[in-house]
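Student: Could you take me through one part of this protein slowly? I'd like to see where two helices pack against each other, and how that part sits in the rest of the chain.

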Amino acid sequence: MSIIEHTPGPWRASHWLDDDEGCLITSGSKTVALALHAGGVQQSEVNARIIAAAPGLLAALKELKEYFQSYDYDEAWEAEGADSPPVIIDAAIAKAESGLV
């Protein structure tokens, strides 16, 4: 099974046609997503900014994963009853790349 890559970033959130309809998330001239104003204009603008930040956030998580691979945090974090940063990072990357939680 081949992996389908996401549309390359950077993505940008901008107003779409009528401010009462939604915000477009674009990459260059391509539309990546649309955040509708169903929860109100301000909420959809915040949602659009979060969606637009996704490629950069995914890249940052992958960099952090490489950084944490040289450390053994599992024991210390498990003692506190929490997942280690690498476990949390791996779960977030898996969710972004496969849609699985």
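Tutor: Let's start with the parts list: this predicted model has 3 helices and 3 strands. Going along the sequence, they come in the pattern β-β-β-α-α-α, so to speak strands and then helices. Of the 101 residues in the protein, 20% are buried. As for contacts with a separation of 6 or more, 30% are between residues 24 or more positions apart.

Now for your close look: helix 1, residues 41–68, and helix 3, residues 85–98. Two packed helices are described by the angle between their axes and the distance between the axes. Here the axes of helix 1 and helix 3 come within 10 Å and cross at roughly 145°. The crossing of helix 1 and helix 3 is left-handed.

Which residues do the touching? On the helix 1 side you can pick out L58, L61, K62, L64, K65 and F68. Facing them from helix 3 are P85, P86, I89, D90, A92, I93, A96 and E97. Sort that contact by class and you get 10 nonpolar residues, 4 charged ones and no polar ones.

Let's follow the charged residues. Side chains of opposite charge can pair when their charged atoms come close. In this model the count is 2 salt bridges. One of them joins the side chains of K62 and E97, with 2.6 Å from N to O. That pair links distant parts of the chain, since K62 belongs to helix 1 and E97 to helix 3, 35 residues apart. Find both on the structure and check how open they are: K62 is partly exposed, with a relative accessible area of 36%, and E97 is partly exposed too, at 47%.

Another salt bridge is between the side chains of D90 and K65, at 3.3 Å from N to O. D90 is in helix 3 and K65 is in helix 1, so this pair ties together parts that are 25 residues apart in sequence. D90 has a relative accessible area of 35%, which makes it partly exposed. K65 is partly exposed as well, with a value of 32%.

Stay with E97 for a moment, and look at what else is around it. E5 and E97 are 92 residues apart in sequence, but their C-alpha atoms are 8.4 Å apart in space. E5 sits in the segment before strand 1, and it is exposed, with a relative accessible area of 63%.

That segment before strand 1 also holds P10. Most peptide bonds are trans. The bond joining G9 and P10 is cis, with omega at about 0°. P10 turns up again in the contacts of T26, a residue of strand 2. Leaving out neighbours within four places in sequence, T26 is in contact with P10, W11, R12, T31 and V32. T26 is buried, with a relative accessible area of 14%; the cut-off for buried is under 20%.

W11 leads us to the largest nonpolar core, which has 6 residues: W11, C23, I25, A35, A48 and A52. Strand 2, residues 22–27, and helix 1 each supply at least two residues of this core. So where does helix 1 appear in our tour? It is in the contact with helix 3, and it also supplies residues to this core.

To see the core from one of its members, click on A35. Not counting residues up to four places away in sequence, A35 touches G22, C23, I25, S44 and A48. C23 is also a contact of S14, which touches C23 and L24 when residues up to four places away are left out. You'll find S14 in strand 1, residues 12–16, and with 18% relative accessibility it counts as buried.

Finish with L34, in strand 3, residues 30–36. L34 is partly exposed, at 38% relative accessibility. Its C-alpha atom is separated by 9.6 Å from that of E21, 13 residues apart along the chain.

Note on methods:
Residues are numbered from 1 along each chain as its sequence is written. This is a predicted model: local features need pLDDT of at least 70, side-chain atom pairs count only at pLDDT 80 or more; totals for chains, interfaces and linings use all residues. Side-chain values use heavy atoms; hydrogens and water are left out. A nonpolar core is a set of buried Ala, Val, Leu, Ile, Met, Phe, Trp, Tyr and Cys residues joined through side-chain atoms within 4.5 Å. Buried means under 20% relative accessible area, exposed over 50%, partly exposed in between (1.4 Å probe, protein chains only). Helices (H or I, at least four residues) and strands (E, at least two) are DSSP runs, numbered from the N terminus. Contact means heavy atoms within 4.5 Å. A salt bridge is a side-chain nitrogen of Lys or Arg within 4 Å of a carboxyl oxygen of Asp or Glu. Axes are lines fitted to C-alpha atoms, for helices over the stretch in contact, and angles run from 0 to 180 degrees between N-to-C directions. A crossing is left-handed if the near helix is turned anticlockwise from the far one by less than a right angle, and right-handed if clockwise. Ala, Val, Leu, Ile, Met, Phe, Trp, Tyr, Cys and Pro count as nonpolar, Asp, Glu, Lys and Arg as charged, and the others, Gly among them, as polar.
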